[in-house]
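Open the model in your viewer and keep a selection panel at hand. The stops below go from the whole chain to single residues.

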Amino acid sequence: MEDALTTKQKCLCIFSTAVTSWFFLYRGEEAGFQREATHASEQVSMSNLEPPTKMPGANTPTCSAQHTYSNLGEVRTHLMPSKACRPRTSEPPATDPQPLPPPLPKKTLTRTQSLPTHKASSPSLTRAGPPRKPLVGSRSVDESQAGDDRARPAQPPAEPSFSSLDTELGLSLHDLHHPEAVHAALEARQLEGLRSVHARLHTRLLGGRPGPCRPEHGFRLLDSSPCVESGDALYYRVVRVHEEAWHLLAAKVPKPGAEETHTWGLELQVSLRPHFNLQGLCGLLPEGSLPEAPWSGCVVLVAEVPELTVAQWLVEAGARPPEEFTKTVALLLLQLSAALERLEARGAALAELRPENMLLVAPRGCMATGPPRLLLADFGCVRPRPPGTPGIHARQLSRLFRELLGPGAPLATPVAAGLERLAAQLTRVWPSAARTRGALQALLWGPGPELRSHGTPLGSWLQVRRTMLVLHLAERAVGGEVPGLEDWLCCEYLMEATAASVDLALSLLWD
């Protein structure tokens with residue numbers, strides 16, 4: 001028994017030394033045994049000491065071991081977590097007949113989040129289940145665990161919090177183990193990104209469009225001479241003013257001796273929604289609104305001020321490099337096909353495609369060196385389309401292709417060769433304007449005929465092409481370069497294209 005008590009005293013002395021550095025958690029099997037063992041150890045320690053012959057005075061030194069030893073029970077009481085299955089009793093320990101030394105000053109322990117707390121457990125935070133043993137040692141916890149009083153045993157790490165559905169990709173932790181789900185999510189995200197880029201560019205290219213004219217608007221003529229002379233009209237620059245706001249418009253004045261316009265086409269022009277390649281109307285300029293005007297009568301005000309016609313551009317662009325020239329021709333024909341596609345969808349057709357009636361405008365917010373914006377303006381020649389004629393513009397487009405490429409020897413560029421082949425296909429297949437537009441898109445941005453001959457999956461090509469476009473736009477944006485009209489048209493192609501539509505375009509080009 002004495003050996004056991006001696007061992008107990010040695011353990012408690014070691015425990016006293018450890019308290020000075022930080023803390024030592026002593027673990028008993030039962031909470032009552034902890035208090036009894038503490039009290040018993042104190043009695044054994046005090047009984048082994050010789051009883052004092054006299055009461056210690058104020059100047060009598062006391063044993064430091066007694067001070068440390070007598071406060072171990074109190075320190076352990078504060079450090080040991082209470083068990084959830086047995087509440088702590090409030091009975092004071094038995095009174096020791098031996099006089100107790102004065103207590104040591106209490107020190108406040110600064111707890112970290114790795115220490116379990118000792119406040120009473122809240123019923124709302126306690127889950128049903130068997131009681132858990134106190135946690136011996138230190139364990140890091142996050143803020144969500146800081147208020148949990150229950151000690152937790154060692155267990156495997158829980159599933160990460162990102163196992164829930166990702167709000168941006170729509171992927172769960174389970175989906176990350178399946179390449180098919182990852183590829184599908186990335187493909188959907190690419191399409192969403194292209195749509196966003198296309199919408200932003202569309203807003204910028206069509207931004208600042210003036211609304212309809214109202215009676216309170218004032219007008220002022222900027223030039224007495226026309227800025228552009230087309231095949232059927234003269235265009236004058238006019239400023240519309242209302243309070244602090246002003247817009248630059250163009251007065252479209254019919255040329256003397258021009259063919260009589262048909263009201264059906266003009267009524268259609270008024271009813272059309274804004275389109276990037278169709279001339280938009282703002283209203284009428286009544287006679288007498290501009291006394292200094294060199295025309296008489298009521299004229300139409302249009303939203304876009306033209307800079308030149310396609311016929312004039314052909315004269316100026318003849319000295320350009322063949323690659324740049326043929327690519328610009330293909331981009332102009334692509335925009336023309338988009339305008340004709342809108343007319344065909346409304347049951348209309350243009351009687352004659354003439355380069356002198358196609359206007360060119362600098363796109364808003366784009367560099368002057370980029371391709372121009374094409375506007376179809378001669379709505380006076382628009383007629384109702386006869387039923388059962390999907391390719392009503394095919395023959396005119398074929399003739400225009402060859403006219404824009406020039407009457408001389410064919411240009412030795414891939415785009416020029418593709419335009420020559422497409423011009424021949426138009427008179428053979430008689431495709432609609434929408435299918436012609438798809439063939440021009442494939443000619444400009446791929447895929448080439450070699451992919452079709454080797455049976456390459458077009459869906460995979462589209463995924464790679466979309467990725468390359470997104471990376472290309474990101475690299476240029478980092479360098480401060482602003483996307484232009486060609487980028488917007490390419491986004492439109494890859495955003496709308498499917499494997500079936502690309503295959504149909506390639507069949508028109510190369511079959």
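Start with the whole chain, coloured by secondary structure: 15 helices and 11 strands should appear. The model is a predicted one. Of the chain's 511 residues, 38% count as buried. Among contacts between residues at least 6 apart in sequence, 72% join residues at least 24 apart.

**The nonpolar cores**

Select Leu336, Leu340, Leu376, Phe401 and Leu419 and show their side chains. These residues touch the most other members of the largest nonpolar core, which has 70 residues. Which helix gives this core its largest share? It is helix 8, residues 322-345, with 11 residues.

Stay in this core and centre on Leu376. Setting aside neighbours within four places in sequence, Leu376 is in contact with Leu336, Ala339, Leu340 and Leu343, and also with Asn277, Leu278, Gln279, Leu350 and Met358.

Now select Leu249, Ala251, Leu290 and Ala303. They are among the 15 residues of a second core, separate from the one just visited.

**Helix 8 against helix 11**

Return to helix 8 and add helix 11, residues 433-445. In general, a pair of packed helices is described by the angle between the axes and the distance between them. Here the axes are 8 Å apart and the packing angle is about 155°. An angle over 145 degrees counts as roughly antiparallel, so helix 8 is roughly antiparallel to helix 11. The crossing of this pair is left-handed.

To see the contact, select the following residues:

- On helix 8: Lys327, Ala330, Leu331, Leu333, Leu334, Ser337, Ala338, Leu340, Glu341 and Glu344.
- On helix 11: Ala433, Ala434, Thr436, Arg437, Leu440, Gln441, Leu444 and Trp445.

Coloured by class, the contact of helix 8 with helix 11 shows 11 nonpolar, 3 polar and 4 charged residues.

**Helix 8 against helix 14**

Keep helix 8 and switch its partner to helix 14, residues 485-496. How do the axes of helix 8 and helix 14 cross? They come within 12 Å, and the crossing angle is roughly 55°. That angle makes helix 8 oblique to helix 14. This crossing is left-handed.

Select Lys327, Leu331, Leu334 and Gln335 on helix 8, then Leu485, Glu486 and Leu489 on helix 14; these are the residues that meet. By class, the contact of helix 8 with helix 14 has 4 nonpolar, 1 polar and 2 charged residues. Lys327, Leu331 and Leu334 in this selection were also part of the contact with helix 11.

**Ala442 and the end of helix 11**

Go next to Ala442, which lies in helix 11. Is Ala442 buried or exposed? Its relative accessible area is 3%, so Ala442 is buried. Draw a distance from its C-alpha to that of Ala505: the two residues are 63 apart in sequence and 6.6 Å apart in space. Beyond four places in sequence, Ala442 touches Ala505, Leu506 and Leu509, as well as Tyr493 and Pro447.

Follow that last contact to Pro447, in the loop between helix 11 and helix 12 (449-453). Look at the peptide bond that joins Gly446 and Pro447: this bond is cis, with omega about 0°.

**Arg476**

Select Arg476 in helix 13, residues 458-478. Is this arginine, Arg476, buried or exposed? Arg476 counts as buried because its relative accessibility is 16%, and the cut-off for buried is under 20%. Show its surroundings: apart from neighbours within four places in sequence, Arg476 is in contact with Glu481, Val482, Pro483, Gly484 and Asp487.

**Two residues with positive phi**

Finish with two loop positions. Glu243 is in the loop between strand 3 (233-242) and strand 4 (245-254). Glu243 is not a glycine, yet its phi is positive, about 55°. With a relative accessibility of 70%, Glu243 counts as exposed.

Trp430 is in the loop between helix 10 (414-429) and helix 11. Trp430 is likewise not a glycine and has a positive phi of about 55°. A relative accessible area of 39% makes Trp430 partly exposed.

Notes: Residues numbered from 1 in each chain as written. Predicted model: local features only at pLDDT ≥ 70, side-chain atom pairs only at ≥ 80, totals over all residues. Heavy atoms only, no water. Core = buried A, V, L, I, M, F, W, Y, C linked by side-chain atoms within 4.5 Å. Buried < 20%, exposed > 50% of the residue type's maximum accessible area, 1.4 Å probe, protein only. Helix = DSSP H or I, 4+ residues; strand = E, 2+ residues; numbered from the N terminus. Contact = heavy atoms within 4.5 Å. Axes fitted to C-alpha atoms, helices over the stretch in contact; angles between N-to-C directions. Parallel < 35°, antiparallel > 145°, perpendicular 65-115°, else oblique. Left-handed = near helix turned anticlockwise from the far one by under 90°. Nonpolar A, V, L, I, M, F, W, Y, C, P; charged D, E, K, R; others polar.
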